[in-house]
Amino acid sequence: MSSDGTVGRGPGASPGRPDPATCAGVVELVTEYLEDALDPDVRARFEAHLDDCEECEVYLEQMRATIVAAGRVDVEHVAPATLDRLVAAYRVAVRARRNPDAHGA
Amino acid sequence: MRAAGRDAGRRARDAGRGTPGAGVRREMRGTGVAAGGSCDALGGSCDALGASRRTDDGGPDRGGGAARYAAGVAASRDDLFQPTAEDITLVAALRDGDEQAFARIVDELNGPLLRLAGLYVQGRAAAEEVVQDTWLGVIRGLDRFEARSSFRTWVFRIATNRARTRGGRERRDIPLSALLDPADDPGGPALDPERFMAPGEQWAGGWAVPPHRWAPDAETHLAARETRALIRDALDQLSPAQRFVMTLRDIDGWGSEEVCAALEITPGNQRVLLHRARSRVRAALERHLAAADRA
């Protein structure tokens with residue numbers, strides 16, 4: 001959230017930390033929540049908020065949907081010609097290691 | 001479990017080109033995210049919240065050597081970079097001349113290495129040269145890998161060294177951890193502060209403009225391919241550091257520890273970049289799907 005830290009830092013917030021009882025705080029904490037990195041008491045308050053706040057529940061599910069959708073973006077594979085070149089170089093190096101006295105690696 | 005997840009991922013990749021990314025790998029890891037299920041808002045309703053809130057969605061990898069990181073306890077820096085049993089096996093295979101193992105690791109790391117190079121050098125050709133040099137360095141250096149770090153950490157260090165050398169005077173002195181420091185990242189709010197009630201208002205911190213619902217019929221406006229293109233565009237708008245972390249985590253399917261070990265950054269720093277990236281990509285999807293609803 002904003003770097004001045006005013007939004008989402010209500011009376012329930014620890015110093016410098018977002019307040020999970022507020023919607024703005026939930027938005028700030030959502031990644032830590034999904035990473036299982038929240039302290040247990042903060043997580044409990046985060047989940048309690050979600051129990052009462054449909055909009056935040058929607059936001060959380062949209063975050064999950066975003067992650068799932070990102071997972072479908074095609075992975076770039078190495079070009080076959082590039083891979084062949086590298087495997088060839090690897091093969092040469094392996095041979096050279098096995099036959100250090102051989103000529104021309 | 002971590003090893004099984006990687007093997008499953010490799011099987012998915014080996015199954016053919018254009019293999020779907022992290023969504024499939026996460027399913028195979030058994031983390032409970034159902035790519036085709038109720039949270040598949042961009043092909044289905046986002047209102048059916050079926051999955052439990054504690055779904056392990058890209059969360060800490062709980063298998064094998066990563067058990068050290070259970071409960072989010074910060075590991076010591078040395079501990080974070082220890083090679084896993086899988087690393088040891090992999091390096092032994094590579095030293096033994098296992099070409100398939102080599103081809104697999106190239107296919108797995110080439111994309112991430114290109115992105116890493118892109119943090120330092122300009123243009124695709126320059127990045128490809130850096131990565132080519134990196135692989136040659138890996139091949140030549142296999143005998144010297146002393147397993148004081150994870151294999152990926154070692155490969156990424158080689159790449160970082162090559163990239164810094166190639167990156168010119170401006171970038172040469174900048175370690176990767178500095179390029180990925182959230183303090184230097186153009187952060188800004190995850191969401192426009194105007195979405196919330198201001199301090200002093202009656203519902204301070206509550207939603208002023210709630211998230212736009214992604215109605216079930218949004219999918220009729222959006223083919224899956226459009227969604228993928230949209231996400232790619234949204235990723236392109238991110239800062240390089242944000243794009244790098246989110247791509248590793250959510251597209252390549254790396255776990256949190258793998259990313260931290262390879263990039264040698266703290267879990268906290270990684271999370272900040274990931275948070276900013278995901279927040280922005282969600283916002284881009286929301287804009288698009290809200291517009292689609294009105295169409």
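In helix α7 of chain B, 16 residues at 1.5 Å a residue should span 22 Å, and the end C-alpha atoms are 23 Å apart, so the two values agree. This helix belongs to a predicted model, and it is a convenient place from which to begin a tour of the structure.

How many of the 16 residues of α7(B) are buried? Twelve are, and the helix is therefore largely enclosed by the rest of the structure. The buried residues include B:F151, B:W154, B:F156, B:I158 and B:A159. Arginines also appear in the list, among them B:R152, B:R162 and B:R164. Several helices of chain B take part in covering these buried residues, including α4 (85-95), α5, α6 (124-141) and α12 (256-263). The cover also includes α8 (169-172) and α9 (176-179) of chain B. Just after α7(B), B:G168 takes a positive phi of about 90°.

One residue of this helix deserves closer attention. Leaving out residues up to four places away in sequence, B:A159 touches B:L113, B:L116 and B:A117, and also B:V130, B:V131 and B:T134. B:A159 is also one of the residues with the most contacts inside the largest nonpolar core, together with B:A117 and B:V245. That core has 83 residues. Its largest share, ten residues, comes from helix α3 (residues 54-70) of chain A. As background, nonpolar side chains tend to be buried together in soluble globular proteins.

The view can now be widened to the whole of chain B. This chain is divided into domain 1, covering 74-174, and domain 2, covering 184-294. The C-alpha centres of the two domains of chain B lie 28 Å apart. Their contact takes twelve residues from domain 1 of chain B and 13 residues from domain 2 of chain B. On the domain 1 side, α5 (99-120) and α7 (151-166) of chain B each supply at least two residues. Which helix provides the largest share of the side of domain 1 that touches domain 2 in chain B? That helix is α5(B), with five residues. By character, the residues on this side of domain 1 of chain B divide into six nonpolar, four polar and two charged.

Chain A may be considered next. It contains four helices and zero strands, and from the N terminus on its elements run α-α-α-α. Of the 105 residues in chain A, 46% are buried. Among the contacts in chain A between residues at least 6 apart in sequence, 27% join residues at least 24 apart.

The confidence of the prediction in chain A should also be noted. The chain averages a pLDDT of 86, and 83% of its residues score at least 70. Over residues 1-6 of chain A, however, the pLDDT is below 50, although this stretch has 14 contacts in the model beyond near neighbours in sequence. Where pLDDT is low, the predicted coordinates should not be read in detail.

A residue of chain B that touches chain A is B:R278, which lies in helix α13 (residues 267-294) of chain B. Is B:R278 buried or exposed? It is buried, because 25 other C-beta atoms lie within 10 Å, and 20 or more are enough for a residue to count as buried. Apart from residues up to four places away in sequence, B:R278 touches A:T31, A:M63, A:T66 and A:I67 of chain A, as well as B:M246 of chain B. B:R278 and B:V245 are 33 residues apart in sequence, and their C-alpha atoms are 10.0 Å apart in space.

Another arginine, B:R195, lies in the loop between α9 and α10 (224-237) of chain B. With 19 C-beta neighbours inside 10 Å, B:R195 counts as partly exposed. Leaving aside neighbours within four places in sequence, B:R195 is in contact with B:W207, B:A208 and B:V209. The C-alpha atoms of B:R195 and B:A208 are 5.1 Å apart, while the two residues are 13 apart in sequence.

The tour ends with the backbone in two loops. Most residues other than glycine have a negative phi. A:D36, which is not a glycine, has a positive phi of about 60°, and its place is in the loop between α1 (23-34) and α2 (40-52) of chain A. In chain B, phi of B:E264 is near 55°, again a positive value in a residue other than glycine. B:E264 is found in the loop between α12 and α13 of chain B. A:D36 is partly exposed, with 18 other C-beta atoms within 10 Å, and B:E264 is partly exposed, with 18 other C-beta atoms within 10 Å.

Notes
Residues numbered from 1 in each chain as written. Chains lettered and ligands numbered in written order. Predicted model: local features only at pLDDT ≥ 70, side-chain atom pairs only at ≥ 80, totals over all residues. Domains from an automatic or database assignment. Contact = placed C-beta atoms within 7 Å. Nonpolar A, V, L, I, M, F, W, Y, C, P; charged D, E, K, R; others polar. Core = buried A, V, L, I, M, F, W, Y, C linked by C-beta atoms within 7 Å. pLDDT = per-residue confidence, 0-100. Expected span 1.5 Å × (residues − 1).
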